[in-house]
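Work through these short exercises with the structure open. Try each task before you read its solution.

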Amino acid sequence: PGTGKTTTLVQAIKQILKTEKQVLVCSASNTAVDLLTEKLHHENISVVRLGNPARISEEVLMNTLDAKMMAHPSYKELKNYRKTAEEYFRMAGKYKRTFGREEREQRQLLYQEAKKIVAEARVLEDYIQHEQFASASVIACTLVVAAGRMLRDKQFSTVLIDEAAQALEPMCWIPISRSNRVIFAGDHFQLPPT
């Protein structure tokens, strides 16, 4: 511990970013991803941290996709869409099971409008997410999160896997399948191989 493996990895990422637009950085544990994210942020590298905010340390919360989306100028509009759709669903849900043709039609109209607003909200949310991904030099996440919907169609020239000795091989194949080159880092003597 303390020999500079993570610092070396950050410097390697800086060098890779001189020739590549974006890299994927993964690790088996949230703690290792948080440490990498924090060090990359201190090097003024644009990084988006994916994952459940409840499992992410306080120091890197500002780098999460959720935090970056909330800071986006269109986020207020997205919230308004969701609130309006929720209101339409609530109004449609007020109708009882036994009602006439007019009430049924009114309820269907309310549900249709709510679904239309939800679809518009999804389009805006996808746009904001795409913008965050496009502006990030590094996407950081755990190995399992790399299988998520947000990265499903993305390909990277390089993926870096930190604490590789702690990662299970099947988990490593998730980000490896999204890249042309993989770099493993970790000390199998510091933490015994999993």
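**Exercise 1: Glu20 and its partner**

Glu20 is buried, with a relative accessible area of 15%. The model is a predicted one.

Task: Is Glu20 buried or exposed, and why?

Solution. Take the relative accessible area of Glu20, 15%. Buried means under 20%. Glu20 is therefore buried.

Task: Which residue meets the side chain of Glu20 in a salt bridge?

Solution. The partner is Arg181, at 3.1 Å, N to O. Next, place the two residues. Arg181 sits in strand E5 (residues 179-184), and Glu20 in the loop between H1 and strand E1 (23-27). They are 161 residues apart, so the pair links distant parts of the chain. Last, check Arg181: its relative accessible area is 39%, partly exposed.

**Exercise 2: Glu43 and Lys14**

Task: Where do Glu43 and Lys14 lie?

Solution. Start with the contact. Their side chains form a salt bridge, 2.8 Å from N to O. Glu43 lies in the loop between helix H2 (30-42) and strand E2 (47-49). Lys14 belongs to helix H1 (residues 5-16). The two are 29 residues apart, and the pair links distant parts of the chain. Glu43 is partly exposed at 32%. Lys14 is partly exposed at 29%.

**Exercise 3: a pair in one helix**

Task: How many residues apart are Arg90 and Glu87?

Solution. Both lie in helix H4 (residues 75-93). They are three residues apart, about one turn of the helix. Their salt bridge has its closest N and O atoms 2.2 Å apart. Arg90 is partly exposed at 41%, and Glu87 is partly exposed at 35%.

**Exercise 4: the total**

Task: How many salt bridges does the structure hold?

Solution. The count is seven.

Terms used:
Residues numbered from 1 in each chain as written. Predicted model: local features only at pLDDT ≥ 70, side-chain atom pairs only at ≥ 80, totals over all residues. Heavy atoms only, no water. Salt bridge = Lys/Arg side-chain N within 4 Å of Asp/Glu carboxyl O. Helix = DSSP H or I, 4+ residues; strand = E, 2+ residues; numbered from the N terminus. Buried < 20%, exposed > 50% of the residue type's maximum accessible area, 1.4 Å probe, protein only.
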